[in-house]
Structures are given as C-alpha cells and as structure tokens.
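Visitor: Please take me through one part of this protein in detail. I would like a close look at the largest nonpolar core, and then at what lies around it.

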Amino acid sequence: MSWAGSDEIFLSTSLAGFLDKKLIVLLRDGRKLLGTLCSFDQFANVVLQGACERVIVGELYCDVPLGLYVIRGENVVLIGELDREKDELPAHMTCVSETEIRKAEKAEREARDLKGSMRKRMEFLDFD
C-alpha cells in the first residue's frame with residue numbers, strides 16, 4: 001500500500017510523455033541545456049543524451065556539446081519540449097565558436113562588474 005495520493009503519482013510520471021524527445025532544461029543558475037530525455041526519477045533527476053549547453057550573449061550563441069548528462073532535480077527550473085521542425089532561434093542570431101562565446105561572456109561579465117563597482121563608488125551621490 002502506498003501513502004502517496006493519486007496526484008503525487010501523476011506528478012512523478014508526468015515526464016514519461018517526454019521520453020525520447022528533444023527538450024530544453026532551464027537550470028537554477030541560468031544555464032540552458034538541450035538534449036534528448038533518456039531517463040528520469042521521482043525527484044525530477046533527468047538524464048539527457050546528446051546534451052549541449054546553449055550559451056547566448058547578445059546576438060551571439062553557441063551550442064557547447066556535453067554528451068550524456070545527468071541533472072539533479074533540485075537544479076531544474078523548467079523542462080519543455082522543442083519542436084524539431086521549427087527554427088529554435090531568431091534569424092538575427094549568429095552562431096560562433098566556443099572560444100568566441102567564452103570571450104564574449106567574459107567581456108559581458110567584466111562590463112557588468114565595472115558597472116556595479118562604479119555604482120558603489122558613486123553611492124554618496126543621491127540621484128533619486
């Protein structure tokens with residue numbers, strides 16, 4: 001006899017419809033992973049086959065291959081199916097190499113950090 005109600009059983013098996021389909025998984029740290037769902041468990045731990053991380057910086061993007069990838073369920077924010085027939089990104093996006101996207105990420109991070117440090121230095125000025 002199980003103590004779980006019927007709603008709980010439904011929730012734990014709701015990923016069954018996504019097996020062997022291409023998914024996008026959004027993680028708590030903001031990463032976006034693409035891959036085919038191979039397996040899952042009641043904690044939403046998932047296994048993606050042919051996984052890649054999609055990195056987007058401005059108008060640039062890169063799919064970094066990861067291979068077989070296990071994701072702990074507590075890190076999953078969203079799981080959705082991708083339509084294989086439709087374009088996944090707008091036409092204005094440019095695909096670049098992994099080294100180029102890492103450089104763009106670094107430049108974006110440095111600009112954000114500089115902006116934050118400038119705000120801290122100018123804190124004494126009350127612009128409000």
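Guide: In this predicted model, the largest nonpolar core has 11 residues. They are Leu-15, Leu-23, Val-25, Leu-27, Leu-33, Leu-37, Val-46, Leu-48, Ala-51, Ile-71 and Val-76. Three strands each give two or more residues to this core: β1 (22-27), β2 (32-40) and β3 (46-57). A second, separate core has 7 residues, among them Val-57, Val-64, Ile-101 and Ala-104.

Take Ala-51, a member of the largest core. Setting aside neighbours within four places in sequence, Ala-51 is in contact with Leu-34 and Gly-35. The list goes on with Val-64, Pro-65, Leu-66, Gly-67 and Tyr-69. Val-64 is one of the residues of the second core.

Now the frame. The protein chain has 2 helices and 6 strands. From the N terminus, the order is α-β-β-β-β-β-β-α. The 6 strands form an open sheet with mixed pairing, in the order β5-β1-β2-β3-β4-β6. The edges are β5 and β6; each has a single partner strand, so one side of each has no neighbour in the sheet. The partner at the β5 edge can be followed in detail. β1 and β5 run antiparallel and are joined by 5 bridges. One pairing links two core members: Leu-27 has Val-76 in β5 as its bridge partner. Both residues belong to the largest core.

The loops deserve a look too. Asp-20 sits between α1 (6-13) and β1. Its phi is positive, about 65 degrees, though Asp-20 is not a glycine. Most residues other than glycine have a negative phi. Asp-20 is exposed, because its relative accessible area is 60% and the cut-off for exposed is over 50%. Ala-44 lies in the loop between β2 and β3. Ala-44 also has a positive phi, about 70 degrees, and is not a glycine. With 27% relative accessibility, Ala-44 counts as partly exposed.

Met-93 is in the loop between β5 (76-81) and β6 (94-95). Is Met-93 buried or exposed? Its relative accessibility is 14%, so Met-93 counts as buried, the cut-off being under 20%. Residues up to four places away in sequence aside, Met-93 touches Ile-56, Gly-58, Glu-59, Leu-60 and Tyr-61. Val-57 is 36 residues from Met-93 along the chain, and their C-alpha atoms are 9.7 Å apart.

Val-57 brings us to the largest pocket, where Val-57 is one of the lining residues. The volume of this pocket is about 190 Å³. Gly-30, Arg-31 and Lys-32 are in the lining, as are Glu-53, Arg-54, Val-55 and Ile-56. So are Glu-105, Glu-108, Arg-109 and Arg-112. β3 and α2 (98-121) are the elements that give two or more residues to the lining. β3 has the largest share, with 5 residues. β3 also gives two or more residues to the largest core.

Last, the whole chain. Of its 128 residues, 22% count as buried. Among contacts with a separation of 6 or more, 51% join residues 24 or more positions apart. The exposed area is about 9,400 Å², with 54% supplied by carbon and sulfur atoms.

Terms used
Residues are numbered from 1 along each chain as its sequence is written. This is a predicted model: local features need pLDDT of at least 70, side-chain atom pairs count only at pLDDT 80 or more; totals for chains, interfaces and linings use all residues. Side-chain values use heavy atoms; hydrogens and water are left out. Helices (H or I, at least four residues) and strands (E, at least two) are DSSP runs, numbered from the N terminus. Buried means under 20% relative accessible area, exposed over 50%, partly exposed in between (1.4 Å probe, protein chains only). Contact means heavy atoms within 4.5 Å. Accessible areas come from the Shrake-Rupley method with a 1.4 Å probe; for residues, only the protein chains shown count as cover. A nonpolar core is a set of buried Ala, Val, Leu, Ile, Met, Phe, Trp, Tyr and Cys residues joined through side-chain atoms within 4.5 Å. Two strands pair if DSSP finds at least two bridges between them. On a 1 Å grid over the protein atoms alone, a cavity is a set of points where a 1.4 Å probe fits but cannot get out, and a pocket is an open set with protein on both sides within 12 Å along at least five of seven lines; lining residues have an atom within 4 Å of a point. Grid points are joined across faces, edges and corners, and a volume is the space filled by probe spheres set on the points.
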